[in-house]
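I am keeping these notes while I look through one structure. Each entry gives what I looked up and what I found.

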Amino acid sequence: MSFLARAYLFAGRCCEHIACCVRILQFRLSGLELRLLEVGSGTRFYVPARSGGRGALRIGNNNSFGWRLAPRMGNGEIVLQPRSEDAEIVVGNGNAFSNNISIVAMGKITIGDGCLIGDQVAILDCDFHEMDPRKRRSG
């Protein structure tokens with residue numbers, strides 16, 4: 001491999017690493033309202049991610065969020081949102097999440113270790129509204 005080809009590959013890896021660091025910072029800033037935000041070492045974000053809500057979000061070590069070769073709707077954003085103060089999302093270690101994923105909790109959602117979560121997955125622990133149609137808009 002020529003010097004130029006090696007330099008190009010190295011530059012590409014550096015740019016990918018910088019972009020990943022920027023996404024982690026953006027993710028942390030999106031979760032300023034959270035009661036608790038923990039992101040373990042070795043965790044990488046390859047697509048935009050956002051949080052929000054007022055609960056607790058715990059992400060273990062060596063997780064990857066997004067996959068650049070997988071299909072994307074829009075920018076492939078991942079949403080991790082513990083909505084209420086009592087809500088909690090816990091992600092174990094060594095998981096891989098593809099693109100366009102939503103995990104939204106009003107109670108508690110736990111994802112163990114070594115899970116593979118594919119494209120366009122939504123994990124919800126409630127339906128977020130009243131069953132009575134007359135009360136739906138209020139709850």
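**Entry 1: the chain as a whole**

What pattern does the protein chain follow, read along the sequence? I read it as α-β-β-β-β-β-β-β-β-β-β-β-β. That agrees with the count I looked up, one helix and twelve strands. I note here that the model is a predicted one.

Next I looked up the totals. The protein chain has 139 residues, and buried residues make up 35% of them. Its accessible surface comes to about 8,400 Å², and carbon and sulfur atoms account for 56% of that surface. I then took the contacts between residues at least 6 apart in sequence; 38% of them join residues at least 24 apart.

**Entry 2: one open sheet**

In which order do the strands of the open sheet of four strands stand? I wrote down β3-β6-β9-β12, with parallel pairing. The strands at the edges are β3 (49-50) and β12, and each has a single partner strand, so one side of each has no neighbour in the sheet.

As a reminder to myself, strands of a sheet pair through backbone hydrogen bonds, either parallel or antiparallel.

I checked the pairing of β3 with β6. Two bridges join these strands, which run parallel. For Ala 49, the bridge partner in β6 is Ile 78.

**Entry 3: the largest nonpolar core**

Which residues touch the most other members of the largest nonpolar core? The core has 20 residues, and the ones I was after are Ile 59, Phe 65, Ile 78, Leu 80, Phe 97 and Ile 103. I also looked up which elements give two or more residues to this core: they are β4 (56-59), β6 (78-82), β7 (88-91), β9 (102-105) and β10 (108-111). Ile 78 has now come up twice, as the bridge partner of Ala 49 and in the list for the core.

**Entry 4: aromatic pairs**

How many aromatic pairs does a search of the whole structure find? The search finds two.

Why does the pair of Phe 45 and Phe 65 count as stacked? The ring centres are 4.8 Å apart and the planes stand at 10°, so the pair is stacked, because planes under 30 degrees apart count as stacked. Phe 45 lies in strand β2 (residues 44-45) and Phe 65 in strand β5 (residues 64-65), so this pair ties together parts that are 20 residues apart in sequence. Both Phe 45 and Phe 65 are buried.

The other pair is Phe 65 with Phe 97, and it is stacked as well, at 4.5 Å centre to centre with 10° between the planes. Phe 65 in strand β5 and Phe 97 in strand β8 are 32 residues apart, and the pair links these distant parts of the chain. Phe 97 is buried, as is Phe 65. I therefore entered Phe 45, Phe 65 and Phe 97 as one aromatic cluster, because pairing needs ring centres within 6.5 Å.

I also listed what Phe 97 touches beyond four places away in sequence. Among these residues are Phe 65, Trp 67, Ile 78, Val 91 and Ile 103.

**Entry 5: single residues**

Is Asn 100 buried or exposed? Asn 100 counts as buried, because its relative accessibility is 13% and the cut-off is under 20%. Asn 100 lies in the loop between β8 (96-97) and β9. Outside its sequence neighbours up to four places away, Asn 100 touches residues including Pro 71, Arg 72, Met 73, Ile 78 and Gln 120.

Ile 123 is in strand β12 (residues 122-124). With a relative accessible area of 23%, Ile 123 is partly exposed. Leaving aside neighbours within four places, Ile 123 is in contact with Ser 102, Ile 103, Val 104, Ile 109 and Ile 111. From C-alpha to C-alpha, Ile 123 and Ile 103 are 4.7 Å apart, with their positions 20 residues apart in sequence.

Val 39 is in strand β1 (residues 36-39). At 17% relative accessibility, Val 39 counts as buried. The C-alpha atoms of Val 39 and Leu 57 are separated by 8.3 Å, and these residues are 18 apart along the chain.

**Entry 6: cysteines**

How many disulfides does the structure hold? I found zero. Cys 115 is partly exposed at 26% relative accessibility. Cys 126 is also partly exposed, with a relative accessible area of 30%.

Terms used
Residues numbered from 1 in each chain as written. Predicted model: local features only at pLDDT ≥ 70, side-chain atom pairs only at ≥ 80, totals over all residues. Heavy atoms only, no water. Core = buried A, V, L, I, M, F, W, Y, C linked by side-chain atoms within 4.5 Å. Buried < 20%, exposed > 50% of the residue type's maximum accessible area, 1.4 Å probe, protein only. Contact = heavy atoms within 4.5 Å. Phe/Tyr/Trp six-rings, centres within 6.5 Å; stacked < 30°, edge-to-face > 60°. Disulfide = S-S within 2.5 Å. Areas by Shrake-Rupley, 256 points an atom, 1.4 Å probe, with all protein chains shown as cover. Pairing = 2+ DSSP bridges.
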